[in-house]
Amino acid sequence: MSENLFGQIRIFVLVELTSLYPDIPTDVLARVEVTPTREAAHGDMATNAALVAAKPTGKSPREIAAALALALAERPEIAKAEQAGPGFVNITLAPAILLAQIPVILQAQEQYGSSKIGNVRRVNVEYVSANPTGPLHVGHCRGAVVGDALANLLAKAGFDVTKEYYINDAGAQVIALAWSVYWRYLQALGTTLKEGEFAEAAPTGLQYPGDYLIPVGAALAQDHGAALAGPGCSIAESALWLNVVRDAAIAAMMDLVREDLAALGVYHDIFTSEAALVAAGGVEHALATLSANDLLYEGVLEPPKGKTPEDWEPREQTLFKSTAFGDDIDRPVKKSDGSNTYFANDIAYHADKLTRGFTSLIDVWGADHGGYVKRMKAAVKAMAGARDASLDVVLCQIVRVMKDGVPMKMSKRAGTFVELRELIDAVGADTVRFIMLTRKSDAQMEFDLDAAVAQTRENPVFYVQYAHARCRSVLRAAAGLSALPEPDDLSSLDAAEELALIRRLISWPRAIEAAAEAHEPHRIAFFLYDLAGDFHALWNRGRENAALRFLQEERPVETAARLALVAATATVLRSGLAVLGVTPAEEMRG
RNA sequence: GCACCCGUAGCUCAAUUGGAUAGAGCACCAGACUACGAAUCUGGGGGCUAGGGGUUCGAGUCCCUUCGGGUGCGCCA
């Protein structure tokens, strides 16, 4: 039997269906599904085959379902098949088929659930990509976790995944950063300038006043002495120092970012520099490609209706014909002074990813960039040309951190923002990661600090960790029993709770595939929560009745079977936690 | 004005990509404990899925529309 039982049974369904009705078109057959049932009373699996086949065959769904059920029931792997509802066929597997999956899981270990649907297709997942102007703050956290888990998920589904970080080190913000670092440098030298005077004199002002730049300025003073300063520690011509200070600042900030990501367990395969891309002529190359395809023109944009900026005046700019690829208006690639827009750089960057051989691009962005999705997709289509390549953007809505029932204020001004590091230190990386994945990414969420540290069921991390710890506890205790037989005979596993747990376990490969196709890693968190619930329910049988506990010294065959189920549960829990990047707990003690 | 996201139990959120009687947790009510086999469990109440129309065997899910919330809309990245 295949590792994925649903796929196997689906083949049976298709064979019997086409045998009964040979003329069903293949596009209809493609819509035939075999899915887990919501209720145990509906058996192990259900198929919609009769419903989708009704129209092409001209028969009623119930009639087809009845015939299909009859045919399927002949299969030795299927214990029962019956027509139900409007035309479903509910399938109950032969117990041996269900139980046979337990050794499959134990053999595969954490590889269980790994899929080949990705077909080694090269996927690039770009996430975080925060401006290198300071430590990560909580606003970056969700994207970091979602992107990382999504990349893990796709890898498990058989894609060839690269995790990428785009360093925005070419724009005005890093110039402002350089000026802010320069202030710390002058301070380290003992300048008599007041902060207000410096902010007045700097063309960018003092945009990043946080303390975290002090050591960067000090290091520059250490390395360069007063060579970057004017007479008497005054502000020197920027030509003298700006590049040096900017490069040092970016390097220092990226070190900070990497430390923060490491604390969260996030590791990128590659960091790509915007500045390097620009310096290599990537933008000119990309624009030339667009121009060669007649996708650029000089034009004047209309002001947004109902909200015309006060200083609006019509200006001619170079525009990309993104409307040819589904965008609402054409988008500028050059500012009116002729310099490139950020969008132009981003086009070049995505083209670069395509050039590097990725056919599937995924960007994880904050929701405030939602208005940017259409144009970027349009640009990727345009740059891909005849190549089969696509971009999907996963938007992450904002997270409100709640404390004592009220949202915590977060402000980047004056360096008072809540840093990611503080959140990790407060609740732990595992908890941050898991909770960030308990919501669909495009829905706003509240991160309840009180619930996150709670050791109760309302904390989903705890609940799942506890299930794994309980599994491990039983397996440890089993080591103290006298020798048990090999778990060859699993037929004693027939309680409703045991079968429910097994059903959940065998749906793990399917859960991986569905979540990967939808680019929705949060589904894995919910799967694990449900799986933990199934296991806790089984565990609870033993509280009322000691004969139902896992370890029964006098009944070694049953005990061995139960232990196999416990070990399989622990395996799938670990397999899922690995996708989320959460550590499985061996025990829950302090 | 336009685009995108969202609207599900009192609260925070799910719903196997269009499937069967819309589910969990918290809170509330009624029960069970000297703690890693009670950091938990059992039972109960609670819903016109924001409103209206449409598509079809079938809609929380897809289309249209109204209302309400969020994010954006040339020289920030």
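**Exercise 1. A charged network around E558**

Task: In this predicted model, determine how exposed E558 is, which residue R555 pairs with, and which residues are joined into one network by salt bridges that share partners.

Solution: Begin with the accessibility of E558, which is partly exposed with a relative accessible area of 25%. Its partner R555 is likewise described as partly exposed, at a relative accessible area of 30%. Next, consider the distance, since R555 and E558 form a salt bridge in which the closest N and O atoms are 3.4 Å apart. Finally, extend the view beyond this pair: salt bridges with shared partners join E498, R555, E558 and R562 into one network. As general background, side chains of opposite charge can pair when their charged atoms come close.

**Exercise 2. Salt bridges made from helix α20**

Task: Find which parts of the chain are linked by the salt bridge between R503 and D44, and which are linked by the one between R504 and D530.

Solution: Take R503 first, where the closest N and O atoms of the salt bridge with D44 are 2.5 Å apart. R503 belongs to helix α20 (residues 496–506), while D44 sits in the loop between β1 (34–36) and β2 (45–47), so that this pair links distant parts of the chain, 459 residues apart. To place D44 relative to the surface, note that its relative accessible area is 5%, which means that D44 is buried, the limit being under 20%.

Turn then to R504, whose side chain meets that of D530 in a salt bridge with an N to O distance of 3.9 Å. Here helix α20 is linked to helix α22 (residues 522–544), the two residues being 26 residues apart. R504 counts as partly exposed at 26% relative accessibility, and D530 is partly exposed as well, with a relative accessible area of 35%. By the rule applied here, the count for the model comes to 26 salt bridges.

**Exercise 3. The buried side of helix α13**

Task: Establish which residues of helix α13 are buried, why they lie on the same side of α13, and what covers them.

Solution: The buried residues of helix α13 (residues 282–292) are G282, V283, A286, L287 and L290. Because they cover an arc of only 125° around the axis, they fall on the same side of α13. The general background is that an α-helix has 3.6 residues a turn, so residues three or four places apart point the same way. On the face turned away from the buried side, α13 carries the exposed residues H285 and A292. The cover over the buried residues includes α12 (274–279), β8 (296–300), β9 (316–320), α14 (342–355) and α15 (373–384). After α13 comes D294, which has a positive phi, near 65°.

**Exercise 4. Nonpolar cores**

Task: Identify which residues touch the most other members of the largest nonpolar core, and which helix gives the most to this core.

Solution: The largest nonpolar core has 124 residues, of which L17 and F447 touch the most other members. Helix α23 (residues 556–580) gives the most to this core, contributing 12 residues. When residues up to four places away in sequence are not counted, the residues that F447 touches include V399, V401, M402, L423, I435 and M436, and R400 is also among them. A second, separate core of 32 residues includes W365, A389, L391 and V393.

**Exercise 5. The surface near RNA strand B**

Task: Work out how many residues surround RNA strand B, which element gives the most to the surface near it, and which parts of the strand take part in individual contacts.

Solution: RNA strand B is surrounded by 70 residues, the closest being R38, R315, S336, A518 and R543. Several elements each supply at least two residues of the surface near the strand, among them α3 (49–57), β4 (88–93), α8 (172–189) and β15 (445–448), while α22 gives the most, with 8 residues. Of the strand's atoms within 4 Å of the protein, 55% belong to sugar or phosphate and the rest to bases. At the level of single contacts, an N or O atom in the side chain of R439 is 2.7 Å from a sugar or linking oxygen of RNA strand B, and a polar side-chain atom of W539 lies 2.9 Å from a sugar or linking oxygen. A base nitrogen of the strand, by contrast, is 3.5 Å from a polar backbone atom of G542.

Note on methods: Residues numbered from 1 in each chain as written. Chains lettered and ligands numbered in written order. Predicted model: local features only at pLDDT ≥ 70, side-chain atom pairs only at ≥ 80, totals over all residues. Heavy atoms only, no water. Buried < 20%, exposed > 50% of the residue type's maximum accessible area, 1.4 Å probe, protein only. Helix = DSSP H or I, 4+ residues; strand = E, 2+ residues; numbered from the N terminus. Arc of directions from axis to C-beta. Contact = heavy atoms within 4.5 Å. Salt bridge = Lys/Arg side-chain N within 4 Å of Asp/Glu carboxyl O. Core = buried A, V, L, I, M, F, W, Y, C linked by side-chain atoms within 4.5 Å. Near = heavy atom within 4 Å. Polar contact = N/O pair within 3.5 Å; in protein donor to acceptor, adjacent residues only side chain to side chain.
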